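Student: I would like to learn how the descriptive words used for a protein model are justified. Could we go through one together, setting each value against its rule?

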Amino acid sequence: MSTANNTWRPATQLVHGGTTRSHHGETSEAIFLTQGFVYETSEAAEARFKGETDGFIYARYGSPTNDMFERRMCLLEGAEDARATASGMAAVSAAILCQLKAGDHIVAARALFGSCRWVVETLAPSYGIECTLVDGRFIENWEKAIRPNTKVFFLESPTNPTLEVVDIAAVAKLADAAGAKLVVDNVFATPLLQKPLELGAHVVVYSATKHIDGQGRCLGGVILSSKDWIDEHLHDYFRHTGPALSPFNAWTLLKGIETLPLRVRQQSENAAKVADFLAEQSQVARVIYPGRSDHPQADIIAKQMKGGSTLVCFEMKGGKKAAFALQNALDIVKISNNLGDSKSLITHPATTTHKNLNEEARAELGISDGTVRLSAGIEDSADLIEDFARALKAVSA
Ligand SMILES: Cc1ncc(COP(=O)(O)O)c(C=O)c1O
């Protein structure tokens with residue numbers, strides 16, 4: 001029996017959506033740790049391979065626990081179909097490369113997570129796929145970069161770590177006019193705060209490692225789109241290159257997304273409170289938070305996001321020395337380059353996540369030596385603010 005109801009609200013979908021119970025009627029979703037599937041007869045195997053009957057063939061293609069995770073993500077995202085992948089990067093690279101061949105052209109926002117930027121800037125050109133990186137904040141840059149062979153637009157919004165946003169609906173419109181597909185990495189926003197498909201994007205990708213697991217346990221990813229796009233571009237690529245998610249991790253992610261709305265709500269509230277606190281501190285040069293009215297692109301955020309973010313970016317006066325001193329003095333907030341966790345995590349992008357970019361490229365993205373990124377957890381906001389207050393005192397001492 002499959003549980004799926006398109007009229008349920010997200011919090012209900014995330015607990016019940018896509019569940020398929022075995023004949024035991026288990027409450028919690030079962031983990032099907034199997035590589036293969038048994039057929040009653042040779043004729044049944046032949047029919048399954050011909051696509052004449054429904055059912056699983058081999059776990060690299062699909063399997064029951066992964067299927068539940070994919071169905072639940074589809075219900076949340078409003079997508080027709082999905083494929084779960086072993087990591088966020090498996091999702092990003094498959095979503096981009098499955099629809100390109102030598103001679104095609106990608107236009108991507110330059111403000112991307114480091115590995116995503118490597119895929120479009122280094123890997124794709126090594127296979128003869130051209131790439132143009134643009135400052136994605138300005139729509140005219142996307143328009144100017146279009147060539148007759150442009151097939152894919154790629155962006156993340158808000159961006160890592162400086163929380164810039166891109167007008168997704170405007171880029172999607174340009175992609176449609178150019179006959180290209182827009183792929184959006186929606187990791188920072190989560191499916192609760194932003195729905196790229198509703199804004200006109202063609203494909204959405206997630207690192208499920210972040211908020212979807214939300215408890216720092218396993219890697220995972222997911223690609224969501226129309227059934228037509230998946231059938232035409234991803235289906236064969238996925239089967240034959242093998243980025244499939246482990247069923248155990250699919251189960252962990254299914255458990256994770258049951259509490260996604262509760263966590264994202266608390267994390268966003270905490271992020272907003274810490275951002276407001278930091279903005280008042282004399283050691284902090286500036287705070288960037290999508291939920292604040294002083295965000296440089298507050299108008300686009302109001303149009304396309306349902307809330308702020310679980311992340312805050314801020315710049316310490318005193319550069320790297322002050323940023324390191326602050327991080328070292330924090331107690332509850334842990335130093336880690338991961339994000340979306342129920343534990344608050346802080347990182348210094350110039351020496352960690354963005355250390356592979358040269359100084360000029362970092363400056364273009366607004367990452368200075370004093371830039372710090374906080375991923376707010378689900379702790380009590382008063383404890384987080386006390387932790388920052390104490391650490392800032394230690395920096396000044
Ligand atoms: C925006 C963004 N996209 C993709 C990824 C890659 O995800 P994963 O680490 O699950 O491969 C990350 C990881 O930090 C990310 O922040």
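Student: What makes the radius of gyration of this protein agree with that of a compact globule?

Tutor: This is a predicted model, and for 397 residues the globule rule gives a radius of gyration near 21 Å, while the protein has 22 Å, so the value agrees with a compact globule. Its C-alpha atoms fill a box of roughly 75 × 55 × 35 Å along the principal axes, and the protein holds 15 helices and 14 strands.

Student: Which residues come nearest to the ligand, and how many are around it?

Tutor: There are 14 residues around the ligand, and G88, M89, D185, S207 and T209 come nearest. By class, this shell has five nonpolar, six polar and three charged residues.

Student: What makes the approach of T209 to the ligand a polar contact?

Tutor: A polar contact is a pair of N or O atoms within 3.5 Å, and a polar side-chain atom of T209 lies 2.5 Å from an oxygen atom of the ligand, so the pair meets that cut-off. With G88 and M89 the backbone takes part: an N or O atom of G88 lies 2.8 Å from a ligand oxygen atom, and one of M89 lies 2.9 Å from a ligand oxygen atom. The protein covers 91% of the 390 Å² of accessible area that the ligand has on its own.

Student: Where does the ligand sit, in terms of pockets?

Tutor: The space that the ligand takes is the second largest pocket.

Student: Why is the bond between S157 and P158 worth pointing out as cis?

Tutor: Most peptide bonds are trans. The bond joining S157 and P158 is cis, with omega about -10°, and the bond from N160 to P161 is also cis, with omega near 0°. P158 has its place in the loop between β6 (150-156) and α7, and P161 lies in the loop between β6 and α7 as well.

Student: What is notable about phi of L163?

Tutor: Most residues other than glycine have a negative phi. L163 is a residue other than glycine, yet its phi is positive, near 55°, and L163 lies in the loop between β6 and α7.

Student: How do you know that D176 makes a polar contact with H202?

Tutor: The side chains of D176 and H202 come to 2.8 Å in their polar contact, and the cut-off for such a pair of N or O atoms is 3.5 Å, so the distance satisfies the rule. D176 belongs to helix α7, residues 168-178. By contrast, the C-alpha atoms of D176 and E43, which are 133 residues apart along the chain, are separated by 44 Å.

Technical notes: Residues numbered from 1 in each chain as written. Predicted model: local features only at pLDDT ≥ 70, side-chain atom pairs only at ≥ 80, totals over all residues. Heavy atoms only, no water. Near = heavy atom within 4 Å. Polar contact = N/O pair within 3.5 Å; in protein donor to acceptor, adjacent residues only side chain to side chain. Areas by Shrake-Rupley, 256 points an atom, 1.4 Å probe, with all protein chains shown as cover. 1 Å grid on protein atoms, 1.4 Å probe; cavity = no way out; pocket = protein on both sides within 12 Å on 5 of 7 lines; lining within 4 Å. Sits in = over half its atoms within 2 Å of the grid points. Nonpolar A, V, L, I, M, F, W, Y, C, P; charged D, E, K, R; others polar. Helix = DSSP H or I, 4+ residues; strand = E, 2+ residues; numbered from the N terminus. Rg over C-alpha atoms; globule rule 2.2 N^0.38 Å.
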